[in-house]
Amino acid sequence: LTANSMCDCRPTFGELFADKLTGHPWWGWCDLDIMFGDLDSILPELLTDEFDLVTFKRVYLSSCFVLLRNDPFVNRVYRLGNVHKILDDDRYHCWDESGYTHYPGENFFNVARMARLRINYALEMYSYDSAQYQFQATLKDGKVFDRDGRHVLFHHFMTDKWPVKPDGRSRWLA
């Protein structure tokens, strides 16, 4: 197993750790290369009764930080997919995010959409490193600001590990 292949397990956490989540209306996961700011000022507007899942990308699940409603159906929705095949394989499948972007085929995001989970696409709520703009977030008075000075929920330091070739294509794909 690799550190990345362990990420394929993330959608199982709601059911796996159900006893630890008792009394909490939401749960989620995040990468270790995240800098959070003032969560109390932004999270309440994202965690409403209207949604079951919060992501920060338009096209796929941004698995660097994901929030899910602590609900028995939501916590088991991963079972609607081909999860056993994924979890029985030592290779990383990007099953916890992708949405056809890095790996074709089934993934948790597509399973969640198929199950009709209500998804909050919280765009513009974070910043991240890119090849052009590295480490340009600012932490001031407990809040994170992107390179344009916008108050955001978090910053994802990802450039050094992000698998992008010089021409912009993914290193994961041929």
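Hi everyone, let me start with one residue: Cys64 is buried, at a relative accessible area of 6%. Before I go on, please keep in mind that this is a predicted model.

So what about a bond for that cysteine? The closest cysteine sulfur to that of Cys64 sits in Cys30, and the two are 8.6 Å apart, which is too far for a bond. A disulfide needs the two sulfur atoms within 2.5 Å. Searching the whole structure turns up zero disulfides. Another cysteine you may want to look at is Cys7, which counts as buried because its relative accessibility is 14%.

Let me step back to the whole protein. There are seven helices and ten strands. Of the 174 residues, 45% are buried. About 9800 Å² of the protein is exposed, and carbon and sulfur atoms supply 53% of that area. If you take the contacts with a separation of 6 or more, 68% of them come from residues 24 or more positions apart.

Here is an example of residues far apart in sequence. Tyr92 and Thr2 are separated by 90 residues along the chain, yet their C-alpha atoms are 7.5 Å apart in space. Tyr92 is in the loop between α6 and α7. Is Tyr92 buried or exposed? Its relative accessibility is 13%, so Tyr92 counts as buried.

Now for the inside. In soluble globular proteins, nonpolar side chains tend to be buried together. In this model, the largest nonpolar core has 20 residues. Among those with the most contacts inside that core are Trp29, Leu53, Trp95 and Phe108. Which elements give two or more residues to this core? They are β1 (26-30), β4 (65-69), α6 (83-87) and α7. The most comes from α7, which gives four residues. There is also a second, separate core of 16 residues, and our opening residue, Cys64, is in it, along with Trp26, Ala122 and Tyr126.

Next, please look at a sheet. Strands of a sheet pair through backbone hydrogen bonds, either parallel or antiparallel. The one I'd like to show you is an open sheet of three strands, ordered β2-β10-β6, with mixed pairing. Its edge strands, each pairing on one side only, are β2 (34-36) and β6 (126-128). On average, and ignoring direction, neighbouring strands here are turned by 15° against each other. The pairing of β2 with β10 (residues 154-156) is antiparallel and runs over three bridges. To find your way in the viewer, look for Ile34, which stands opposite His156 in β10.

Finally, two loop residues with an unusual backbone angle to point out. Arg116 is not a glycine, but its phi is positive, at about 65°. You will find Arg116 in the loop between α7 (108-114) and β5 (119-121). Arg116 counts as exposed because its relative accessibility is 71%.

The other one is Asp141, also a residue other than glycine, with a positive phi near 50°. Asp141 is in the loop between β7 (138-140) and β8 (143-145). With a relative accessibility of 72%, Asp141 counts as exposed.

To come back to where we began: Cys64 is buried, belongs to the second core, and its sulfur is too far from that of Cys30 for a bond. Thanks for listening!

Note on methods. Residues are numbered from 1 along each chain as its sequence is written. This is a predicted model: local features need pLDDT of at least 70, side-chain atom pairs count only at pLDDT 80 or more; totals for chains, interfaces and linings use all residues. Side-chain values use heavy atoms; hydrogens and water are left out. Buried means under 20% relative accessible area, exposed over 50%, partly exposed in between (1.4 Å probe, protein chains only). A nonpolar core is a set of buried Ala, Val, Leu, Ile, Met, Phe, Trp, Tyr and Cys residues joined through side-chain atoms within 4.5 Å. Contact means heavy atoms within 4.5 Å. Accessible areas come from the Shrake-Rupley method with a 1.4 Å probe; for residues, only the protein chains shown count as cover. Two strands pair if DSSP finds at least two bridges between them. Axes are lines fitted to C-alpha atoms, for helices over the stretch in contact, and angles run from 0 to 180 degrees between N-to-C directions.
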